[in-house]
Amino acid sequence: MAKSVRCCLAEALENLTDTELENFKVNLNEFPVKEGFSNIPRGPLQKAGALKLSDLLVSYYCQDYAVEVAAKVLSDSNCKPQAQKLLRDTGKDASRSVQQPVPQLSTHSRQAEIQAPGMHFIERHREALIQRTTTVEEILDQLHGIVLSEQQYQNIMIKGTSQDKMRELFKLLPGWDRHCKDLLYEILREKRRFLIEDLERQ
């Protein structure tokens, strides 16, 4: 059975010395992340061991981007062997001649890709989803801790209307990978099935 991303991250970090781990935390806190993401605050980082760090990375950056961030920070911290092993273990090693298959959430997610080549269903129907999605809180709750960090979640929740909440959520999309967008699609399809089916017919 393939190891989870969290497991691979934890193994990479557990192989660091105490000094290397501290350097990793400092560099991670200052790492220039993509637009739509935020740095993990220094407080949680200082207290975190390898297992907690792996949870923080996935919580703040989604699985694919968490690996990218961790590998780059490991390299910047003079821990290139651990960075290369992490990329190999997660199938991100650029030297591989055959790419690992991208996990699919469902046939509906695949359909969303087919309907708009080069543009995800969520992006294609951005304006309609912003205007027509009601009671956004339960959707945000399911994204919280997986796609949304605590800070991102709170920044969205303080917005007044459902439209404002969805608009704030969509500001984060440029920094999301396909898995994150698929997850939002699946949640919307579960919670707002009639809306999604109506948009799919268009």
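Helices here are DSSP runs of H or I with at least four residues, numbered from the N terminus. By that rule, residues 121-124 form helix α7, and I122 lies in this helix. The model is predicted. This briefing covers two helices with a buried face, the main nonpolar core, the surroundings of I122, and some salt bridges.

**Helix α2**
- Helix α2 runs over residues 18-30, which makes 13 residues. From its first C-alpha to its last, the helix reaches 19 Å, close to the 18 Å expected at 1.5 Å a residue.
- The buried residues in α2 are L21, F24, K25, L28 and N29. Seen down the axis of α2, these buried residues fall within an arc of 125°, so they line one face of the helix.
- A general rule helps in reading such a pattern: an α-helix has 3.6 residues a turn, so residues three or four places apart point the same way.
- T19 and E30 are exposed, on the other side of α2.
- The buried residues of α2 pack against three helices: α1 (5-14), α3 (42-47) and α4 (50-76).

**Helix α5**
- Helix α5 covers residues 80-89, and its buried residues are Q82, A83 and L86. Viewed down the axis of α5, they fall within an arc of 100°, so they line one face of the helix.
- The exposed residues K80 and P81 sit on the face of α5 turned away from its buried side.
- The cover over the buried residues of α5 includes α1, α2 and α4.
- G91 follows α5 and has a positive phi, near 75°.

**The largest nonpolar core**
- The largest nonpolar core has 61 residues, and F24, L57, Y61 and W176 touch the most other members.
- Helix α4 supplies the largest share of this core, 16 residues.
- At least three residues of the core come from each of domain 1 (5-90) and domain 2 (121-200).
- In soluble globular proteins, nonpolar side chains tend to be buried together.
- F24 is in contact with L13, L16, L53, L57, A70, V73, L74 and S77, leaving aside its neighbours within four places in sequence.

**Around I122**
- I122 has a relative accessible area of 0%. Buried means under 20%, so I122 counts as buried.
- Leaving aside neighbours within four places in sequence, I122 is in contact with L129, F170, L173, K181, L184, Y185 and L188.
- One of these contacts, L188, is 66 residues from I122 in sequence, while the two C-alpha atoms are 9.6 Å apart in space.

**Salt bridges**
- The whole structure contains 20 salt bridges.
- K159 pairs with E168 in a salt bridge, and their closest N and O atoms are 3.9 Å apart. K159 is partly exposed, at 32% relative accessibility.
- R189 and E197 meet through their side chains in a salt bridge of 3.8 Å, N to O. R189 is buried, with a relative accessible area of 12%, whereas E197 is partly exposed at 21%.
- R201 and D198 also form a salt bridge between their side chains, at 3.8 Å from N to O. R201 is exposed at 62% relative accessibility, and D198 is partly exposed at 25%.
- R189, R193, E197 and E200 are joined into one network by salt bridges that share partners.

Technical notes
Residues numbered from 1 in each chain as written. Predicted model: local features only at pLDDT ≥ 70, side-chain atom pairs only at ≥ 80, totals over all residues. Heavy atoms only, no water. Expected span 1.5 Å × (residues − 1). Buried < 20%, exposed > 50% of the residue type's maximum accessible area, 1.4 Å probe, protein only. Arc of directions from axis to C-beta. Contact = heavy atoms within 4.5 Å. Core = buried A, V, L, I, M, F, W, Y, C linked by side-chain atoms within 4.5 Å. Domains from an automatic or database assignment. Salt bridge = Lys/Arg side-chain N within 4 Å of Asp/Glu carboxyl O.
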